[in-house]
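Visitor: I am new to this protein and would love a close look at one spot, and then at what lies around it and beyond. Could you walk me through it in plain words?

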Amino acid sequence: MKEFRGVAASPGIAIGKAFLYNDDDLTVPEYPIHGHQVGPEMDRYRAAVGRAVLELKQIKVRSGPSGDPDGFLDTHLMMLQDPEIEAKVDLKIGKVLKNVEWVLQQVVDELIVKLATVQDVYLKERTLDIRDVSRRVLSQLLHESGRRCALADLSEEVVVITPSLLPSDAVGMNKTFVLGLVMDQGGKTTHTAILARSFEIPAVLGTVRTSREVRLGDMVIVDGNQGVVLVNPEPAVLDAYRAKQSRYRDQEHQLKRLNSLPAETLDGRRITLNANIEIPEEVESVLAHGAEGIGLYRSEFLFIKHGVGVSEEIQYEAYRAVLEGMGGRSVTIRTLDLGGDKLVPDLFPGKELNPLLGWRAIRFCLSTPDIFRTQLRALLRASVHGKLKIMFPMVSGVSELEDALAAFHQAQGELTDEGVPFDSSVPL
């Protein structure tokens, strides 16, 4: 028996035969071109991007409304059409006079190296998204699109073992037959981990070498609760885990039967049980598990994903989706809490002397009034779609609260002047 340890990325216990998925790197050729060929090479690039966009849109349609819980497919579509990437490719190809496939690979590698130097774990783990998007374009350029279909074609129950599973592959896989997931790379905040949790597939990530030491058909146990993977366990261990799996499922089933009952102590005291979320798509799970409301929606996930320049419209749609999805139940949305361990390098270039209590949360918002104003407007606009409460995080004194209230009332005034409806009695 072999044992591997990693990050407990998605809870539950899976037992099944190993299916090895190794999406080998594409072989990217390198050859010189003449100056007059730069234009045609860029035309090839734009055509490949267009085909990749179409391919991704088709995946989005096939995955359905619940198949992309983190909205990363939309993010990938934006990345594919990013004019800055195209400009970098265009500039580099004119300098080095090499074929566009090789140039694109160089541009992507440079970007990934740059991301690897940042301290923020979330941003580091976005390298998988960059590789996914660039690989899709390279596949089109090399006429190899469609080769990654094995996971979509699964016809028997398996545990997927892989060095690295791109988010688009996770969305496209036949989830009916995926019992568990083991990945050499990744952590809890990767899109693949988020998808695994949303699909309720037990997963252990960051095991480093599992894919190199497991063989097709090996019996595998994935303990997503403890972050443990066992390969070809002895009969006694297998029996023990099957019993453990059965107890876990029974417990989950029993707990779900209690979802509709009131949370009340034996002496009649009523308790309100709410859920905390980070992405709008978690609402379905919140309701399925019997929560009476959302006690905290951490809005910074939107900003980490889209950048601090995320538009008022994108924010409004996200907040509206949560409020409407909760069907009149209370939803508390926290204004942006960047800082501490949640940094955006462009905004936090230096070392913060007091990162957990210093320039963060409400102090960050007050020092970036345009960002704060945009969020407050989006929240107020969304307030007509449900029962909203707004939380200001990490307030350290009366003056900060007064300044935050002034910004809030200013946003109310702007919307009133514009004739935009909002709930004037939103609790703060």
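Guide: Let's begin with K244, which is partly exposed in this predicted model, because its relative accessibility is 32% and that class runs between 20% and 50%. K244 belongs to helix α10, which covers residues 235-257. Leaving aside residues up to four places away in sequence, K244 touches I13 and D223. I13 is a partner from far along the chain: 231 residues separate it from K244 in sequence, yet their C-alpha atoms are 8.1 Å apart in space.

A second pairing of this kind involves G386, in the loop between α15 and β12. G386 and A321 are 65 residues apart in sequence, while 9.7 Å lies between their C-alpha atoms. With a relative accessible area of 25%, G386 is partly exposed.

Let's step back to the whole chain for a moment. The protein has 16 helices and 12 strands, and 47% of its 428 residues are buried. Taking contacts between residues at least 6 apart in sequence, 67% join residues at least 24 apart.

Helix α8, residues 191-199, is a good place to see burial. Seven of its nine residues are buried, so the helix is largely enclosed by the rest of the structure. Those buried residues are H191, T192, A193, I194, L195, A196 and F199. Just after α8 comes E200, placed in the loop between α8 and β6. E200 is exposed, because its relative accessibility of 52% is over the 50% mark.

The backbone of E200 also deserves a look. Most residues other than glycine have a negative phi. E200 is not a glycine, although its phi is positive, at about 55°. A361 is another non-glycine residue with a positive phi, near 50°. A361 sits in helix α14, residues 361-367. Where E200 counts as exposed, A361 counts as buried, at 0% relative accessibility.

Next, a place where two helices meet. Helix α4 (residues 100-116) and helix α6 (residues 127-141) have axes that come within 10 Å and cross at roughly 180°. With that angle, α4 is roughly antiparallel to α6, because anything over 145 degrees falls in that class. On the α4 side, the contact is made by V100, E101, L104, Q105, V108, D109, L111, I112 and L115. On the α6 side, the residues are T127, I130, R131, S134, V137, L138 and L141. By character, the residues of this contact divide into 10 nonpolar, three polar and three charged.

Now for the aromatic rings. A pair of aromatic rings is described by the distance of the centres and the angle of the planes. Counting rings whose centres lie within 6.5 Å, there are two aromatic pairs. In one of them, Y297 and Y319 have ring centres 6.1 Å apart and planes at 75°, so the pair is edge-to-face, a class that calls for an angle over 60 degrees. Y297 is in strand β10 (residues 294-298) and Y319 is in helix α13 (residues 312-325), so the pair ties together parts that are 22 residues apart in sequence. Both tyrosines, Y297 and Y319, are buried.

The other pair, F372 with F392, is also edge-to-face, with 6.0 Å from centre to centre and 65° between the planes. It links distant parts of the chain, 20 residues apart: F372 lies in helix α15 (residues 369-382), and F392 lies in the loop between β12 and α16. F372 counts as buried because its relative accessibility is 3%, and F392 is buried too, with a relative accessible area of 13%.

Two more rings have a charged partner. The charged end of R381 sits over the ring of Y316, 4.2 Å from its centre. K98, for its part, lies over the face of W102, at 4.6 Å from the ring centre.

To find your way back to the start, look for K244 in helix α10, then follow its contact to I13.

Terms used. Residues numbered from 1 in each chain as written. Predicted model: local features only at pLDDT ≥ 70, side-chain atom pairs only at ≥ 80, totals over all residues. Heavy atoms only, no water. Phe/Tyr/Trp six-rings, centres within 6.5 Å; stacked < 30°, edge-to-face > 60°. Helix = DSSP H or I, 4+ residues; strand = E, 2+ residues; numbered from the N terminus. Buried < 20%, exposed > 50% of the residue type's maximum accessible area, 1.4 Å probe, protein only. Lys NZ or Arg CZ within 6 Å of the ring centre and 35° of its normal. Axes fitted to C-alpha atoms, helices over the stretch in contact; angles between N-to-C directions. Parallel < 35°, antiparallel > 145°, perpendicular 65-115°, else oblique. Contact = heavy atoms within 4.5 Å. Nonpolar A, V, L, I, M, F, W, Y, C, P; charged D, E, K, R; others polar.
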